[in-house]
Amino acid sequence: MSLDLDKRQRAMLREMGVRVWQPLPAPAALVQAEAEAAHTINNIAAGARPERAAARFDVEKPAATALRVPAAAAPQVDPLARPQGVDRMDWPALQAAVATCRACALCDSRSQTVFGVGPVAAGAAAPQVDWLIVGEAPGENEDLAGEPFVGQAGKLLDNMLLAMGLQRNQGEAPPQAGLSRSIFITNVLKCRPPANRNPDPAEVAQCEPYLQRQVELLQPKMILALGKFAAQSLLQGSVPDVQKIPLGKLRGQVFSYLGVPVVVSYHPAYLLRSLGDKAKAWDDLCLALDTLKRPA
Ligand code: URA
C-alpha cells in the first residue's frame with residue numbers, strides 16, 4: 001500500500017518510534033527536513049498549525065481477509081441488574097443510563113463512569129462518526145477525568161490518531177487544519193477496575209449492551225479494537241473461541257461487528273512497553289485506513 005503522508009504525520013510516526021520509507025532528500029534538504037520535523041512536533045504540542053508537504057510512503061500491508069464464521073454462545077448475564085431497554089435508548093438516555101449504572105460491583109469503587117469522547121451530539125441524536133476506537137477500561141487518570149485515554153497510553157493513542165489524520169474532540173476548540181474529528185473513543189468497560197486489574201468476564205458481559213448501543217447509534221464506518229479485551233468483546237459473537245486466540249493472530253484481518261468493519265491492533269499501553277511492535281500497529285492502522293477508503 002502507498003500512502004501520502006505529510007510532515008506532521010511523519011513527525012508523529014517518528015514520535016511513535018515507527019520508521020517509514022521515503023525517498024532520501026538531498027543532504028542539505030535532509031538537515032532542513034529534520035529541523036522542520038522537530039519544529040512541527042513542538043508546534044503541535046503548542047497547538048499551532050503546521051503546513052502540509054506530500055511524501056511517498058510504502059509499508060508492507062497484512063492481507064485483508066473477511067472472516068465469515070458462525071456465532072458463538074453469548075456469556076450469561078442477569079439482564080435485570082442493568083437498566084432496561086438499553087437497546088432502544090437514544091444517545092442522551094444511554095449516557096444517563098451509563099452514568100447511573102449499578103449493574104456490577106465496579107460502581108462502588110469508581111469516581112465516575114467514562115462514557116467516551118467525541119463530537120458533541122445535537123439533541124437526542126448521536127454524533128455520526130467515521131471512526132470508533134475501543135479500548136479496555138478506564139484507568140486511574142480516566143476515572144478522575146471522566147474521559148478515556150488521558151494518561152500516557154492516551155498520549156500515544158493521540159499521536160497514532162494524528163498520524164492517521166484524526167484528532168480527538170477537545171471541548172469547543174476547532175480541529176487543526178487537515179485533521180478530522182470524525183472519531184469517538186470509548187472502552188469496553190465504562191468503569192475503572194480497582195488497581196487497574198483486568199476486566200472480569202461478568203463485568204464485560206454487563207457492559208456489553210452499552211457498547212453495542214453506542215455502535216448502533218454512532219454508526220461508525222470503522223472500528224479499531226485496541227487490545228485483547230476490545231477484540232474479544234467485539235468478536236465473541238462471530239469468532240469461535242476468540243478468548244483462546246492470541247491478539248497477534250487477530251491482526252491483519254477485517255472482521256465485522258453489527259455490519260461495521262473491525263480491525264484489531266495492540267493496546268497503546270502494551271506498545272509503550274513493547275516498542276518493537278509499534279511498526280506492526282502502524283500496519284494495522286494502514287489496514288483500517290485502506291479498508292475505510294475502499295469502495296463498499
Ligand atoms: N486504557 C484503556 O484501555 N482505556 C483507557 O481509557 C485508558 C487506558
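I began at the N-terminal end of helix 7, where D200 acts as the cap. A side-chain oxygen of D200 lies 3.0 Å from the backbone nitrogen of A202. I note here that the model is a predicted one.

Next I checked the length of helix 7, which covers residues 201-218. At 1.5 Å a residue, its 18 residues should span 26 Å, and I find the end C-alpha atoms 25 Å apart, so the two values agree.

I then looked along helix 7 for a bend. There is a kink of about 40 degrees at C207, shortly before the proline P209. I also looked up how far helix 7 is covered: 14 of its 18 residues are buried, so I enter this helix as mostly covered, buried being under 20% relative accessible area. Just after helix 7 I came to Q219, which takes a positive phi of about 50 degrees.

I turned to the nonpolar cores. The largest has 71 residues. Which residues have the most contacts inside it? I find M164 and I223. I followed M164 further, leaving aside its neighbours within four places in sequence. The contacts of M164 are then with Q9, W131, L224, W282, L285 and L289.

Then the ligand. I listed the residues around it as G135, E136, A137, E142, P148, F149, N187 and H267. For three of these I wrote down distances between polar atoms. A backbone N or O atom of A137 is 3.0 Å from a nitrogen atom of the ligand. In the side chain of N187, an N or O atom lies 2.8 Å from a ligand nitrogen atom. H267 has a side-chain N or O atom at 2.6 Å from an oxygen atom of the ligand.

I looked up Q253 separately. It sits in the loop between helix 9 (247-250) and strand 4 (255-257). Is Q253 buried or exposed? Its relative accessible area is 15%, and the cut-off for buried is under 20%, so Q253 counts as buried. The side chain of Q253 reaches the backbone oxygen of K249 at 2.9 Å.

Last, I took the totals for the protein. I count eleven helices and five strands. Of the 296 residues, 51% are buried. Among contacts with a separation of 6 or more, 75% are between residues 24 or more positions apart.

Terms used
Residues numbered from 1 in each chain as written. Predicted model: local features only at pLDDT ≥ 70, side-chain atom pairs only at ≥ 80, totals over all residues. Heavy atoms only, no water. Helix = DSSP H or I, 4+ residues; strand = E, 2+ residues; numbered from the N terminus. Expected span 1.5 Å × (residues − 1). Bend = angle between axes of the 7 residues up to and from the residue. Buried < 20%, exposed > 50% of the residue type's maximum accessible area, 1.4 Å probe, protein only. Polar contact = N/O pair within 3.5 Å; in protein donor to acceptor, adjacent residues only side chain to side chain. Core = buried A, V, L, I, M, F, W, Y, C linked by side-chain atoms within 4.5 Å. Contact = heavy atoms within 4.5 Å. Near = heavy atom within 4 Å.
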